[in-house]
Amino acid sequence: MSAKEDTDALGYEVLEEQEVPDSLPVMPLKNFVLFPHMVAPLVVTTEQSKKLVAKLSERAPHFITALQRKEEIDEAHLTKDDIYRVGCVARLIKTLNFPDGSTHVLVEGLSRCKLQDLNAEEEYPTAHYRMIEDQPDASLKTEALARNASEKFQQLVTMSPNLPDELAVAIFNMGDPQQLSDLIATNLPIPPEVRQNLLTDNKPGHRLKTLMEFVNREYQILKLGTKIENKVHESFTKTQREIFLREQLKTIQKELGEDDPQASEILELEKKLEEAKLPQEAREAADKELQRLKAVPSASPEHGVIRTYLDVLSELPWNKSTEDHLDILVAEKILDKDHYGLEKVKERILEYLSVLKLKKDMKGPILCLAGPPGVGKTSLGKSVARALGREFVRMSLGGMHDEAEIRGHRRTYIGAMPGRIVESIRRCGANNPVFMLDEIDKVGSDFRGDPSSALLEVLDPEQNGTFNDHYLDVDFDLSKVLFITTANQLDTIPGPLRDRMEVIRISGYTLQEKVYIARRYLVPKAIKAHGLKRAQIKFTNEALEGIIAGYTAEAGVRNLERQIANVCRKVARGFAEGKTRPVEVTARKLKGFLGPVKIEKDVAERQAMPGVVTGLAWTPYGGDILFIEATRMAGKGQLILTGSLGDVMKESARAALSYLRANAATFKLDEALFAKSDIHIHVPAGATPKDGPSAGVAIALAVLSMLLNKPVRPDLAMTGEITLRGRVMPVGGVKEKVLAAARAGIRHIMLPEKNKIDLDEVPADVKKKLTFKTVKTIDQALRHALKLSTEKN
């Protein structure tokens, strides 16, 4: 064919050359763009491209390279949408086959071209094309751009370690803007999409203008990198210079007979360690580290690590103890003054004091105060410390996941420090404090270890005399420490850890106890906290009872304290606005201070309905009441259970229904009724999970009441586990359940026979308001409940 010039639809001037065929193979390239006048190595991995290379010969070495539009394409079914339309006609220079099956080729770019069509039906894709010639541009602007780009890129070659020095020579001797732009685009780190746009652009001036943005950007990056490298080098040089000068200074001071600062520091440490009276093992470790400290330069990071370790050893109270106040009567007065009730805890502390008075080397007990929130577990620790005359340390374990919090970090780690137990004892300055481990039931565990396992040694009187902190790496005696832990529930504490502690359960307060606590502790505290005076505000007993009954529903007094604070804030505002008359808070004024009553006081006022029974439950936050509802509808004998019930509670419901079906004749029930009906048992407050076996009696009575259409009086509450043989088994948390029943207005309570002994723990003023019935069998419980419900109040 003859040489010919033409212009296509994109405005390119195209040139067809006689020596190149008008149809060439097409090789798609991933993330690489070949430019004219560029020699580049390519790695051929796809089967189609390998076949293409194999077919090329010295006589017909030409093919077309085109950038892929996507990361992965199907080269066997190549379409126009898979590659860009503008590519580069290339010539194969050399082929190399490698043992791994890959083929490496060296190719040379000849000219831009535009694909006209694409044929993918052969072994490899082919296409007709038109060569694209750069538009001639001899303007001064283009020449200026070319010179600027050449100078800037030569600077890049000088600064970049990745560009060969020969490239700067080639750029310097290249005057053609067309080849200059292609050579810079080839060697400049720019995205493939930008390279493709430069290949598509046939105006050298436009290409140079685009490239200058990337040349300037790369220049700034290399300049900043060089600056950072120089700073790092200067820093290292400065450090080496300081070490050299310090050594010279030591020599000069030695010649002048002056004291060495490091030697003075070591002498001071030796004095502190001598005064600390370390045990033999700790003293040997300290002497060893002192020798290392003398040999390590003060500028070395290791110097600071050793110095910190020796400071910790010297500051620990190895033999420093506070003197205990062993006057039992004084200690009892302090405990009674700070806390009302909590007789078991006070009694146990006084017993410990009594034995300590007789046996000075007694090991400290490990006490666990378990009870609902707000009953004074945490604040009790401070009172115990005050009564004993000891230092008080509190450490919260809630949410702790890292074992190193207890045992410390080994000194091989950067920033290592002792565990929180050793560090707390170091700060308090005595080896026999009252140490409160708060919220021990909320310790977690993950990939960093299990803190509860680390606490096994801490809370074991037989082991904690030789507690080994990882940071200290020597034994420290914790046997003189009085550990007190607190928990809301014991179920989440691992068994071995719970076995090491003496558990003292703290139940909720009665109404009278709460009134006393509010009047003696909470009201004076709130008055002082809100800037009031005692003469300005007064709470009547009826008002305090009204707040407790109508605005709080808790075992402790935390919400009671908040409501008293709400009242004090409103009174304080009145005085701040200019009022002068004292305020007496009465039961009638509570609505104005706190709004409408929020807690339903008396369940006895509920209307009795068949199938509805009041049960008693225990929660980590104290006792509570719950209602069991039962109904039936036509069906096929299915049992439906709703209300977020746990597996154990579901089993109790099935056992209750099975017992009633097995003893239908005893209760005069139609046996066919069970087969023709579906029974639905629901426990309200469906969003709250419920579980446990203690609702068995209540569920059985709810179903029987519904089947007999006989209501159960709402002021009767019950608890007890049942068996298929009709026995009523004992349950836990009786005291908490009874207190909750009294708060809710319950008058009659039915309990398992074996729980009768637990009633001794219930306060006498609560038992006076209630009547109790203990039962051995389900039959006895059901008949008593139905009989009681027929009687008048």
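Lys271 lies in helix H7, which spans residues 261-276. In this predicted model, Lys271 counts as exposed because its relative accessibility is 56%, and exposed residues are those over 50%. Lys271 is separated from Val157 by 114 residues in sequence, and the two C-alpha atoms lie 63 Å apart in space.

The protein chain as a whole contains 26 helices and 26 strands. The chain is more spread out than a compact globule, because its radius of gyration is 44 Å, well over the 28 Å that the globule rule gives for 793 residues. Taken along the principal axes, the box filled by the C-alpha atoms of the protein chain is roughly 120 × 100 × 70 Å. Of the 793 residues in the chain, 47% are buried. Among contacts in the protein chain with a separation of 6 or more, 73% are between residues 24 or more positions apart.

Val157, the residue paired with Lys271 in the distance given above, has a number that falls within helix H2, residues 140-159. The axis of helix H2 comes within 10 Å of the axis of helix H4 (residues 177-187), and the two axes cross at roughly 35°. This crossing of H2 and H4 is left-handed. On the H2 side the residues involved are Thr142, Ala146, Ala149, Ser150 and Phe153, and these meet Pro177, Leu180, Ile184 and Asn187 of H4. By class, the contact of H2 with H4 comprises six nonpolar and three polar residues, with no charged residues.

Strands E5, E6 and E7 are linked by antiparallel pairing. Strand E5 (residues 62-67) runs antiparallel to strand E6 (residues 86-97), and four bridges join them. Within this pair, Phe63 has Ala90 of E6 as its bridge partner. Strand E6 is also antiparallel to strand E7 (residues 103-115), to which eleven bridges join it. Here the bridge partner of Val89 is Ser111 in E7. E6 and E7 form a hairpin with five residues between them, and Gly101 in the turn has a positive phi of about 95°.

The turn residue Gly101 also has a spatial relation to Thr45. Although 56 residues separate Thr45 and Gly101 in sequence, their C-alpha atoms are 8.3 Å apart in space. Thr45 is placed in the loop between E4 and helix H1 (47-55). With a relative accessible area of 56%, Thr45 is exposed.

Strand E4 (39-44) also bounds the loop that holds His37, with strand E3 (23-29) at the other end of that loop. His37 is not a glycine, yet has a positive phi of about 65°. A positive phi is found again at Asp473, likewise not a glycine, where the value is about 60°. Asp473 is in the loop between strand E12 (467-468) and strand E13 (475-476). The relative accessible area of Asp473 is 44%, so this residue is partly exposed, a class that lies between the 20% and 50% limits.

A parallel open sheet is formed by five strands in the order E10-E11-E14-E9-E15. Strand E10 (392-396) and strand E15 (502-505) are the edge strands, each pairing on one side only. From one strand to the next, the twist averages 20°. At one edge, E10 pairs with strand E11 (residues 434-438) in the parallel sense over five bridges. Val393 has Phe435 in E11 as its bridge partner.

Helices pack on this sheet. Helix H11 (residues 343-358) touches strand E9 (366-370), strand E14 (482-487) and E15, and the direction of H11 makes about 145° with that of E15. Helix H14 (residues 420-428) lies across E10 and E11 and runs at about 155° to E10.

Definitions and conventions: Residues numbered from 1 in each chain as written. Predicted model: local features only at pLDDT ≥ 70, side-chain atom pairs only at ≥ 80, totals over all residues. Heavy atoms only, no water. Helix = DSSP H or I, 4+ residues; strand = E, 2+ residues; numbered from the N terminus. Buried < 20%, exposed > 50% of the residue type's maximum accessible area, 1.4 Å probe, protein only. Pairing = 2+ DSSP bridges. Axes fitted to C-alpha atoms, helices over the stretch in contact; angles between N-to-C directions. Left-handed = near helix turned anticlockwise from the far one by under 90°. Contact = heavy atoms within 4.5 Å. Nonpolar A, V, L, I, M, F, W, Y, C, P; charged D, E, K, R; others polar. Rg over C-alpha atoms; globule rule 2.2 N^0.38 Å.
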